[in-house]
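Here's a quick walk through one protein model, with an eye on its charged side chains. Have a look at the fold before reading on.

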Amino acid sequence: MCFLGKKLSLRLFSGIVSVLTLDKMNCLVRFLKDWTLPVAMLAGTVAYFVFAKVQVLAPAKPFVNGVVTVLTPFLIFAQLLLTFCKMEVRDLKPKAWHGWLLLFQTVACLALAALLVFCSMDGVYREVFEGAMVCVICPTATAAAVITGKLGGSAASLTTYTLLSNLLAAMAVPLVFPWVEPHADVSFWIAFLKILGKVFPLLLCPFFLALLLRAFLPGAHRWMAGMHGAAFYLWGVALAIVSGQTVRSLANSSAPVYVEVLVALAGLVACCVQFWLGKRIGGHYGERVSGGQALGQKNTVLAIWMAYTYLNPLSSVGPGSYVLWQNIINSYQLWKKRRKELATCPS
């Protein structure tokens with residue numbers, strides 16, 4: 001009897017521990033979902049300073065740098081693949097406002113590039129305009145469809161524009177970036193082919209792979225489409241990595257502090273202009289919310305990686321700050337919508 005009592009007590013204790021552990025895990029997951037942005041940026045910043053300041057880890061730096069170089073584009077590819085697997089091809093219908101937004105991105109990017117190439121400006125201010133240029137040409141964030149749906153917009157229209165903006169970036173970035181940031185030992189066409197070979201597959205192969213999986217491996221396609229939270233966590237890991245790279249650019253830069261502030265402000269101006277213009281153009285066609293999110297919410301992880309890899313690394317501060325600006329704007333929009341809903345609900 002005593003033995004049975006002890007066994008029952010042990011099982012009861014194990015059950016309580018399991019419940020408490022499960023509750024703690026749920027709380028931790030909920031916390032990470034609610035605070036992914038600051039947690040990821042803080043993790044990337046701390047990781048950089050740990051590897052930069054702790055001498056014991058110095059031998060591991062080349063290996064870590066190599067892993068980061070490969071891991072960042074892989075995470076972007078995987079995130080896009082999971083997003084495109086959730087697409088319904090029959091819902092991909094280009095609309096007139098898509099064309100106007102793509103035209104703005106193209107013209108604005110080329111105008112900033114021409115300014116950098118033909119106007120004589122010292123290296124101090126080049127990073128400001130390079131940061132703004134990356135913020136303009138960067139494609140729409142894969143998570144924009146979620147925010148669009150919460151704000152009452154058309155997620156299908158937004159998803160179509162996400163694909164179109166990826167196509168535009170895949171063509172424009174290899175053409176514009178070598179023109180803006182030439183290298184003495186590399187010709188334009190060699191740089192063009194090098195960037196094309198990395199950016200084009202990164203942005204478009206996930207879409208074609210999703211189509212192939214849908215046609216020939218429907219089981220794998222359904223499995224990927226059902227991984228609802230995976231793209232979110234991949235984004236968090238990628239954001240931590242590129243945040244560390246941005247901090248490294250700031251720490252190793254010899255530019256004055258006011259230049260770094262100007263680059264961040266360029267990201268703010270680009271963010272506000274694109275949200276405003278997207279809303280105006282989309283509103284003309286009855287899709288104000290979708291237009292604002294399509295042009296304003298950017299795949300900042302991709303933007304930071306492109307700026308850090310192919311332009312002056314300090315220019316990555318522009319899209320790095322864009323992460324904050326777009327999340328502030330979206331948080332305000334969601335709060336405003338919730339307040340409006342509460343005001344219209346009967347008490």
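What follows covers the overall build, then the salt bridges, a histidine and a charged surface patch.

First off, this is a predicted model. Its secondary structure is helical: 14 helices and zero strands. Of the 347 residues in the protein, 43% are buried. If you take the contacts with a separation of 6 or more, 81% of them join residues 24 or more positions apart. The protein exposes about 18300 Å², and carbon and sulfur atoms supply 73% of that.

Now for the charges. Side chains of opposite charge can pair when their charged atoms come close. How many salt bridges does the structure hold? There are three, set out here with their N to O distances:

| Positive residue | Negative residue | N to O distance |
|---|---|---|
| Arginine 214 | Glutamate 88 | 3.7 Å |
| Lysine 95 | Glutamate 287 | 2.8 Å |
| Arginine 126 | Glutamate 130 | 3.8 Å |

Take the salt bridge between arginine 214 and glutamate 88. This pair links distant parts of the chain, with arginine 214 in helix α8 (residues 188-216) and glutamate 88 in the loop between α3 and α4, 126 residues apart. Arginine 214 is partly exposed at 29% relative accessible area, and glutamate 88 is partly exposed too, at 30%.

Then there's the salt bridge of glutamate 287 with lysine 95. Glutamate 287 sits in the loop between α11 (257-284) and α12 (288-296) and lysine 95 in the loop between α3 and α4, so this pair ties together parts 192 residues apart in sequence. Glutamate 287 counts as buried because its relative accessibility is 12%, under the 20% cut-off. Lysine 95, at 35%, is partly exposed.

Arginine 126 and glutamate 130 are a local affair: both lie in helix α5 (residues 123-137), four residues apart, or about one turn of the helix. Both of these residues are buried.

Back to arginine 214, which also turns up among the contacts of histidine 221. Leaving aside neighbours within four places in sequence, that histidine touches Cys85, Ala210, Leu213 and Arg214. Histidine 221 belongs to helix α9 (residues 218-225) and is buried, with 7% relative accessibility.

Finally, the surface. Which residues gather in a patch of positive charge? They are Arg280, Arg288, Lys336, Arg339 and Lys340. Helix α14 (residues 317-344) gives the most to this patch, with three residues. Lysine 340 lies in helix α14, and its relative accessible area of 61% makes it exposed.

Notes: Residues numbered from 1 in each chain as written. Predicted model: local features only at pLDDT ≥ 70, side-chain atom pairs only at ≥ 80, totals over all residues. Heavy atoms only, no water. Helix = DSSP H or I, 4+ residues; strand = E, 2+ residues; numbered from the N terminus. Buried < 20%, exposed > 50% of the residue type's maximum accessible area, 1.4 Å probe, protein only. Contact = heavy atoms within 4.5 Å. Areas by Shrake-Rupley, 256 points an atom, 1.4 Å probe, with all protein chains shown as cover. Patch = residues over 30% accessible without salt bridge, like charges linked within 9 Å, V, L, I, M, F, W, Y side chains within 5 Å. Salt bridge = Lys/Arg side-chain N within 4 Å of Asp/Glu carboxyl O. Lys, Arg positive; Asp, Glu negative; His and termini not counted. Charge placed at Lys NZ, Arg CZ, Asp CG, Glu CD.
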